[in-house]
Amino acid sequence: MESTPAKSPALLTLILLSGLSIVSLTMFLPSLANIARTFETDYALINLSIAGYAGMTAIVQLIVGPLSDRYGRRPVMLWALLVFSVASVGCLFAQNVWAFLGFRLLQAAVISGYAISVAVVRDTYSAEKSASLIGYITAVSAIAPMLGPMIGGALDDLFGWRSNFVVFTSAGIFMFFICWIDLRETNMSASTTFRLQMRSYQELVQSKRFWGYSLCMAFCNAAFYVFLGGAPLLAKSVFNVSTSEVGFYMGTTTVGFVLGSFLAGRFAADYRLTT
């Protein structure tokens with residue numbers, strides 16, 4: 001295995017960043033019914049903490065890419081972790097559903113962890129090696145949505161749903177200091193203006209290959225999000241299972257994703273990427 005460039009952060013740092021960006025979606029899912037009960041609101045409204053969050057992550061990724069190209073990976077990531085930590089505190093102490101949903105949307109800033117981790121790998125490795133490392137990062141970080149609901153369900157049973165946001169706050173602060181120490185700047189050719197970056201989007205949207213990959217991911221993720229939104233309510237109201245059991249069953253759905261990502265990491269470096 002080729003040596004890691006001196007300017008590259010530890011692979012574990014990138015894995016943890018990616019894992020946190022994913023577990024923030026899944027960990028509290030088994031608690032949705034209990035959160036709706038706490039705020040005395042419809043389950044459909046509290047489900048916006050998933051749908052709204054997913055939509056916000058799409059917007060954040062469109063913004064964070066150009067920002068990190070212009071101002072650097074390190075400052076953008078640190079600001080994203082700071083916003084996530086503050087938003088987690090807001091969710092923890094929210095006294096009504098609208099405050100909870102507002103802070104929940106702000107938590108979407110943490111999706112920057114995945115986008116920037118991929119960018120850092122591309123900054124520091126060849127295309128073939130990048131594909132392999134991104135596969136490994138995705139495989140290991142995919143354990144997060146597997147373990148997240150299990151841990152979140154157990155926390156809810158033991159301490160209540162707000163304990164999930166205590167963990168989010170602690171994780172955000174922890175990763176902020178890890179990145180402060182280990183995430184050195186890897187963008188050595190910063191963009192000069194946003195206008196030049198926006199021009200590149202025209203070329204992207206005209207690419208048939210881009211739309212092929214994007215639509216494939218869109219339909220896969222759509223099916224996953226439909227499941228995430230409906231499973232907790234059905235599990236509680238129809239099958240009457242405990243919150244920790246809901247978390248366990250939801251966590252097992254990501255096994256295939258972990259296996260596929262591991263295989264991509266294992267074999268991607270052996271094949272030349274198509275252009």
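**View A. Arginine 104 lies over the face of tyrosine 53.** The distance to the ring centre is 3.8 Å. The model is predicted. Arg104 belongs to helix H6, residues 97-106, and is buried there. A charge over a ring also appears at arginine 70. Its charged end sits over the ring of tyrosine 71, 5.1 Å from the centre.

**View B. Helix H6 carries the buried residues Val97, Phe100, Leu101 and Arg104.** They cover an arc of only 95 degrees around the axis, so they lie on the same side of H6. An α-helix has 3.6 residues a turn, so residues three or four places apart point the same way. The buried residues of H6 pack against several helices, among them H1 (11-26), H2 (32-38) and H3 (43-46). Their partners also include H4 (48-71), H5 (73-93) and H10 (163-182).

**View C. Asparagine 96 makes a contact at the start of H6.** A side-chain oxygen of asparagine 96 comes within 3.1 Å of a backbone nitrogen. That nitrogen belongs to tryptophan 98.

**View D. Phenylalanine 39 and tryptophan 161 form one of eleven aromatic pairs in the structure.** Their ring centres are 5.7 Å apart. The planes stand at 65 degrees, so the pair is edge-to-face. Phenylalanine 39 lies in the loop between H2 and H3. Tryptophan 161 lies in the loop between H9 (143-159) and H10. The pair therefore ties together parts that are 122 residues apart in sequence. Both rings belong to buried residues: phenylalanine 39 has a relative accessible area of 12%, and tryptophan 161 has a relative accessibility of 6%.

**View E. Phenylalanine 84 and phenylalanine 168 pair edge-to-face.** The distance is 6.1 Å centre to centre, with 65 degrees between the planes. This pair links distant parts of the chain. Phenylalanine 84 is in helix H5 and phenylalanine 168 in helix H10, 84 residues apart. Phenylalanine 84 is buried at 0% relative accessibility. Phenylalanine 168 is buried too, with a relative accessible area of 1%.

**View F. Seven residues, Phe28, Phe39, Phe84, Phe100, Trp161, Phe165 and Phe168, form one aromatic cluster.** The cluster takes in Phe39 and Trp161, the edge-to-face pair of View D. Phe84 and Phe168 are members as well; View E shows them as a pair. Phe100 joins the cluster from the buried set of helix H6.

Note on methods. Residues are numbered from 1 along each chain as its sequence is written. This is a predicted model: local features need pLDDT of at least 70, side-chain atom pairs count only at pLDDT 80 or more; totals for chains, interfaces and linings use all residues. Side-chain values use heavy atoms; hydrogens and water are left out. Buried means under 20% relative accessible area, exposed over 50%, partly exposed in between (1.4 Å probe, protein chains only). Helices (H or I, at least four residues) and strands (E, at least two) are DSSP runs, numbered from the N terminus. The arc is that of the directions from the helix axis to the C-beta atoms. Contact means heavy atoms within 4.5 Å. A polar contact is a pair of N or O atoms within 3.5 Å; within protein, one must be able to donate a hydrogen and the other to accept it, and residues adjacent in sequence count only if both atoms are side-chain atoms. Rings of Phe, Tyr and Trp (its six-membered ring) pair if their centres lie within 6.5 Å; planes under 30 degrees apart count as stacked, over 60 as edge-to-face and the rest as tilted. A charge sits over a ring if NZ of Lys or CZ of Arg is within 6 Å of the ring centre and within 35 degrees of the ring normal.
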